[in-house]
Amino acid sequence: MDAVSQLDEAEIIVMLQDPVRKDQGLAALMALYQRPLYFHIRKMLENHDDSDDALQNTFIKAWRFGDNFRGESSLKTWLWRIATNECLTVIGKRKKRSESDLKVIENNIGHSEQPGSALDANAMQARLEAAIATLPDKQ
C-alpha cells in the first residue's frame with residue numbers, strides 16, 4: 001500500500017507541475033489529504049473557522065507553488081509544512097489582535113480618569129476583570 005501512495009504522490013506532483021493538469025492535481029491532493037490535514041491544523045488552531053481558512057490557504061499555496069516543489073521531501077511533508085506555516089500566521093495575527101485590543105483597553109482605562117483624581121480600587125478591579133473577560137480563553 002505504501003508503494004501505491006508513493007505512486008499517487010508522484011502522479012499528483014506531475015499534475016501540479018503541468019499547467020494543463022494543475023487543477024486535477026489539486027483535486028487529487030485534496031482527495032488524498034484534506035481530512036488528515038484538517039485535523040493537523042485543528043490541533044494547532046482549536047477553532048473550526050480558522051482551521052477551515054488555514055486549510056483553504058494551504059491548498060491554494062500548494063496549487064500556486066506546486067511547480068516549485070523540488071522533491072526534497074515527500075509531498076505530504078511539504079503540504080504539512082505549508083499548513084503549519086499557515087497556522088503560525090493565524091496565531092501571529094491573533095496575538096497582534098489581542099495586543100491591539102489590550103492597548104485599546106489600557107488606553108480607555110488610563111484616560112477614563114483625570115490625572116490626580118482618586119480612582120476607587122473596586123472600580124479599577126471591576127474594569128480590569130471586564131478587560132480580562134474580553135480576552136480569548138488561551139490568554
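1. Two lysines are worth a look in this predicted model. K22 lies over the face of W63, with 5.2 Å to the ring centre. K76 is placed over the face of W80, here at 5.3 Å from the centre of the ring. If you open the structure beside this note, these two lysine–tryptophan arrangements make a good starting point.

2. W80 comes up again in an aromatic pair. The chain has three aromatic pairs. One of them joins Y33 and W80 in an edge-to-face arrangement, with 5.6 Å from centre to centre and 80° between the planes. Y33 belongs to helix α2 and W80 to helix α4, so the pair ties together parts that are 47 residues apart in sequence. Both Y33 and W80 are buried. W80 therefore has K76 over its face and Y33 as its edge-to-face partner, with the tie between the two aromatic residues running from helix α2 to helix α4.

3. A word on the overall layout. The protein chain has five helices and zero strands, and from the N terminus on its elements follow the order α-α-α-α-α. It has 139 residues, of which 25% count as buried. About 9,700 Å² of the chain is exposed, and carbon and sulfur atoms supply 54% of that area. For contacts between residues at least 6 apart in sequence, 56% join residues at least 24 apart.

4. Now to the interior. In soluble globular proteins, nonpolar side chains tend to be buried together. Here the largest nonpolar core has 24 residues, and those with the most contacts inside it are L29, L37, I41, F59, L75 and L79. At least two residues of this core come from each of α1 (2–17), α2, α3 and α4 (75–111). The most is given by α4, with eight residues.

5. L75 deserves a closer look, as one of the residues with the most contacts inside that core. Setting aside neighbours within four places in sequence, L75 is in contact with E9, I12, I13, L16, L29 and F69. From the other side, I13 lies in helix α1 and counts as buried at 18% relative accessibility. With the same neighbours within four places left out, I13 is in contact with F69 and L75. The C-alpha atoms of I13 and L75 are separated by 7.5 Å, although the two residues are 62 apart along the chain.

6. Where does D18 lie? The residue is in the loop between α1 and α2, and it counts as partly exposed at 24% relative accessibility. D18 and D67 are 49 residues apart along the chain, and their C-alpha atoms are separated by 7.5 Å.

7. E86 is a glutamate I would ask you to check by eye. Is this residue buried or exposed? With a relative accessible area of 6%, E86 is buried, because the cut-off for that class is under 20%. E86 is found in helix α4. The side chain of E86 makes a polar contact with the side chain of N57, at 3.5 Å. Beyond its neighbours within four places in sequence, E86 is in contact with A54, N57, T58 and K61. N57 thus appears both in the polar contact and in the list of contacts.

8. Last, the backbone at E46. Most residues other than glycine have a negative phi. Phi of E46 is near 60°, a positive value in a residue other than glycine. E46 is placed in the loop between α2 (22–45) and α3 (48–65), and it is partly exposed, with a relative accessible area of 49%.

Note on methods. Residues are numbered from 1 along each chain as its sequence is written. This is a predicted model: local features need pLDDT of at least 70, side-chain atom pairs count only at pLDDT 80 or more; totals for chains, interfaces and linings use all residues. Side-chain values use heavy atoms; hydrogens and water are left out. Helices (H or I, at least four residues) and strands (E, at least two) are DSSP runs, numbered from the N terminus. Buried means under 20% relative accessible area, exposed over 50%, partly exposed in between (1.4 Å probe, protein chains only). Contact means heavy atoms within 4.5 Å. Accessible areas come from the Shrake-Rupley method with a 1.4 Å probe; for residues, only the protein chains shown count as cover. A nonpolar core is a set of buried Ala, Val, Leu, Ile, Met, Phe, Trp, Tyr and Cys residues joined through side-chain atoms within 4.5 Å. Rings of Phe, Tyr and Trp (its six-membered ring) pair if their centres lie within 6.5 Å; planes under 30 degrees apart count as stacked, over 60 as edge-to-face and the rest as tilted. A charge sits over a ring if NZ of Lys or CZ of Arg is within 6 Å of the ring centre and within 35 degrees of the ring normal. A polar contact is a pair of N or O atoms within 3.5 Å; within protein, one must be able to donate a hydrogen and the other to accept it, and residues adjacent in sequence count only if both atoms are side-chain atoms.
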